[in-house]
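The following note sets out several points on the model shown below. They concern strand pairing, burial and side-chain contacts.

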Amino acid sequence: QLQASGGGLVQAGDSLRLSCAGSGRAFSYYYMGWFRQAPGKGREFVASINWTGEITYYADSVKGRFTISRDNAKNTGFLQMNSAKPEDTAVYYCAADPRTDVRFNTPRYWGQGTEVTVSS
């Protein structure tokens with residue numbers, strides 16, 4: 001199971017850190033990532049990270065502003081959001097998969113989502 005947290009209301013230019021807590025030691029060996037769904041839009045990929053934390057990928061829309069990371073000792077992943085923009089407003093979902101980078105296929109495990117609102 002995945003538990004996402006950290007969402008809230010921020011102003012444009014502010015920072016926010018989302019967390020994704022995984023249950024079980026196996027989570028430390030999974031690919032994980034973040035997706036988001038803005039009101040009235042489909043779900044889109046945001047960022048992904050491999051199990052060691054050494055390989056990361058980002059959507060062009062967040063590259064240079066967001067940073068994905070993980071702390072395997074705590075079974076937790078993070079998404080640091082800097083220089084937030086109103087277009088970042090969405091429900092953010094963490095996801096994990098034991099075999100494949102979450103960019104390529106529908107991840108096997110999903111968190112419940114945490115809402116981020118960026119005001120202008």
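1. Two strands are taken as paired if DSSP finds at least two bridges between them. On that basis, Val91 stands opposite Glu115 in strand 11, and the two strands concerned, strand 9 and strand 11, run antiparallel and are joined by three bridges. The model is a predicted one.

2. Strand 9 has further partners. With strand 4 it pairs in the antiparallel sense over seven bridges; there, Gln37 has Val91 as its bridge partner. Strand 10 (residues 109-110) also runs antiparallel to strand 9, through two bridges, and Ala95 stands opposite Trp110 in strand 10.

3. Strand 9 is largely enclosed by the rest of the structure, because six of its eight residues are buried.

4. The largest nonpolar core comprises 27 residues, and those touching the most other members are Leu18, Met32, Trp34, Val46, Leu79, Met81 and Tyr92. Strand 9 gives the most to this core, with four residues. Not counting residues up to four places away in sequence, the contacts of Val46 include Trp34, Leu79 and Tyr92.

5. Asp97 belongs to strand 9 (residues 90-97) and merits separate comment. Which side chain of opposite charge is nearest to the buried Asp97? It is that of Arg99, 6.4 Å away, and Asp97 has no salt bridge. Polar atoms of the Asp97 side chain lie instead 2.8 Å from the backbone nitrogen of Arg99 and 3.0 Å from the backbone nitrogen of Thr100.

6. Leaving aside neighbours within four places in sequence, Asp97 is in contact with Tyr30, Tyr31, Val102, Thr106, Pro107 and Arg108.

Conventions
Residues numbered from 1 in each chain as written. Predicted model: local features only at pLDDT ≥ 70, side-chain atom pairs only at ≥ 80, totals over all residues. Heavy atoms only, no water. Buried < 20%, exposed > 50% of the residue type's maximum accessible area, 1.4 Å probe, protein only. Lys, Arg positive; Asp, Glu negative; His and termini not counted. Salt bridge = Lys/Arg side-chain N within 4 Å of Asp/Glu carboxyl O. Polar contact = N/O pair within 3.5 Å; in protein donor to acceptor, adjacent residues only side chain to side chain. Contact = heavy atoms within 4.5 Å. Core = buried A, V, L, I, M, F, W, Y, C linked by side-chain atoms within 4.5 Å.
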